[in-house]
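Colleague: Please take a close look at one helix-to-helix contact in this structure, and place it in the context of the model's confidence.

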Amino acid sequence: MAASLGAFALWQRGRITPAFLLLGFAVVTRQWAVAVVAVLAVLSDREDRLTLVLGSLAVGLVAIVPFLVANREATVVALTAKQVGRFPLTLPGIIAGTPTLRTGLGRVLPLALLAAYCTWLAVRVRSVEATAPVAVAALAVALLLRPLVDPAGFTYYLAPGVAFLVLVRPTSWRWPVLTVLLGIGLVVRREASWRWPAYDGMEGPLGGGFGRSFPPLQATGAAIAVVETLVVAAVVVTCLREVGSLTGGRTSSALEGPAGRPGSAQAGDGVLG
């Protein structure tokens, strides 16, 4: 998450080389950071896009090769994570009853949604300038797509998306307050899973694991999981509307530099200055 935020801060200042160094590290440590690479690549011009993607790939390979040499099998297992857990924190975690369905929801569907989203984003920014505020909202959407459909349902999956969410329109009190309330709600939701598990006899947010069969559903725990999924979906839709608004016309933001484009921000211009 820190590497992704740092890469965005560098990208908006036009510093592509240090940005891809951080992105490569981010992808190695958490593969869903590929969403950050994809979004920033879409929002970059042709030359920077090629440098960003190839540079991130090169850094990732350099970081992974020593582990492959030392223990190829263990490294491949760690990177692919073939087993997808089913934890009753979200709606997909409740309905994903088979390993095949869990793999589809946790691995295939997030990538398909990301590809579709980046295609839509590329169309939206084709005729307008890809400003830093657009990037913030776009990254928030991309990073929240996976936790919306992944049956693993780990609460920390939401952290990167929430980190960018708080930067959306920082001059408006609504977005920061929304993000703080969402963060508090996630902590409360995690603690509530100990008292109201989605399944009878399961205690804590990690109950469920990789098993094929589960005890009967508990109404309160299942309802909490459904509500969490609906809240995340509402946040994603809101951010999508923000991206649509920003790419449909000019909208001022404290994240823009004097010229309103990535690379033009000066110290003190915005929340990252």
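Modeller: The chain has a mean pLDDT of 78 (the predictor's confidence in each residue, from 0 to 100), and 78% of its residues reach 70 or more. This is a predicted model, in which local features need pLDDT of at least 70 and side-chain atom pairs count only at 80 or more, while totals for chains, interfaces and linings use all residues. Residues are numbered from 1 along each chain as its sequence is written, and side-chain values use heavy atoms, without hydrogens or water.

Among the elements of the chain, mean pLDDT is highest in helix α3 (residues 34-43), at 95, and lowest in helix α6 (residues 91-95), at 74; helices are DSSP runs of H or I, at least four residues, numbered from the N terminus. Residues 203-211 stay under 50, with 26 contacts (heavy atoms within 4.5 Å) beyond four places in sequence. Residues 250-273 are also below 50, and this stretch has 60 contacts beyond near neighbours in sequence. Where pLDDT is low, the predicted coordinates should not be read in detail.

As for the contact itself, helix α7 (residues 99-124) packs against helix α11 (residues 219-248) at about 25 degrees, with the axes 10 Å apart. The two helices, α7 and α11, are therefore roughly parallel (angles under 35 degrees) to each other. From α7, Tyr117, Trp120, Leu121 and Arg124 meet Leu240, Val243, Gly244, Thr247 and Gly248 of α11. The residues of this contact comprise five nonpolar, three polar and one charged; Ala, Val, Leu, Ile, Met, Phe, Trp, Tyr, Cys and Pro count as nonpolar, Asp, Glu, Lys and Arg as charged, and the others, Gly among them, as polar.

Conventions. Axes fitted to C-alpha atoms, helices over the stretch in contact; angles between N-to-C directions. Parallel < 35°, antiparallel > 145°, perpendicular 65-115°, else oblique.
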